[in-house]
Amino acid sequence: HHAHEVLKQERQGEEDRLYTFKPKVNASTGVQSRLKVASDPDNYVQRLEHEARLQQRQQTMHVQEEFEKEMSECTFRPKTNEAPAYVRSISAAQKRSKEASLEQRRESVDGKKGWNSSVSVNDGKAQRRSLVLK
């Protein structure tokens, strides 16, 4: 242990002789890292997420303000009437019918034996894909 200390001191003395430049460093009291990774590492990720949310909120507000500014220049304001209840019910029924038809088509395609519409095979490697029916 003592020999180790002696070697360390000799090495330090050798470095002091070789490297004569000694920079003067100002002591900074009260100065902290902006990221505070060393002083508050647990909250670093939370702070980043919070800043990202703030930036997203500001971006959204900016886009909304731009839209409102652009729309304020529009002078045409159409008067619209809500469709009668029976027209709305017919529209809703047609929408449900179309969705049911699409679902039946998906089931009939997926139900074919030995064929999965969401998987394709290229060069022996199975790959997932989306099936889009129109």
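**Exercise 1. Find what share of the contacts between residues at least 6 apart in sequence join residues at least 24 apart, then set out the fold.**

Solution. Start with the contacts: among those between residues at least 6 apart in sequence, 13% join residues at least 24 apart. Keep in mind that this is a predicted model. Next, go through the secondary structure, where you will find three helices and two strands. Their order along the sequence is α-α-α-β-β.

**Exercise 2. Work out how much of the protein is buried and what its exposed surface is made of.**

Solution. Begin with the cut-off: a residue is buried when its relative accessible area is under 20%. By that rule, 4% of the 134 residues are buried. Now turn to the surface, which amounts to about 13,300 Å². Carbon and sulfur atoms supply 53% of that area.

**Exercise 3. Explain why Val-87 can belong to a nonpolar surface patch, and name its partners.**

Solution. First locate the residue: Val-87 sits in helix H3, which covers residues 85-110. Then check its accessibility. Patch members need over 30% relative accessible area, and Val-87 has 35%, so it is partly exposed and passes this cut-off. Finally, collect the patch: Tyr-86, Val-87 and Ile-90 together make about 300 Å² of nonpolar surface.

**Exercise 4. Place Glu-66 in its helix and identify the charged patch it joins.**

Solution. Glu-66 lies in helix H2, residues 44-72. Its relative accessibility is 41%, so Glu-66 counts as partly exposed. To finish, list the patch of negative charge on the surface: Glu-65, Glu-66, Glu-68, Glu-70 and Glu-73 gather there.

Note on methods:
Residues are numbered from 1 along each chain as its sequence is written. This is a predicted model: local features need pLDDT of at least 70, side-chain atom pairs count only at pLDDT 80 or more; totals for chains, interfaces and linings use all residues. Side-chain values use heavy atoms; hydrogens and water are left out. Patches are made of residues with over 30% relative accessible area and no salt bridge: like charges are joined within 9 Å, nonpolar side chains (Val, Leu, Ile, Met, Phe, Trp, Tyr) within 5 Å. Accessible areas come from the Shrake-Rupley method with a 1.4 Å probe; for residues, only the protein chains shown count as cover. A salt bridge is a side-chain nitrogen of Lys or Arg within 4 Å of a carboxyl oxygen of Asp or Glu. Helices (H or I, at least four residues) and strands (E, at least two) are DSSP runs, numbered from the N terminus. Buried means under 20% relative accessible area, exposed over 50%, partly exposed in between (1.4 Å probe, protein chains only). Contact means heavy atoms within 4.5 Å. Lys and Arg count as positive and Asp and Glu as negative; His and the chain ends are not counted. The place of a charge is taken as NZ of Lys, CZ of Arg, CG of Asp or CD of Glu.
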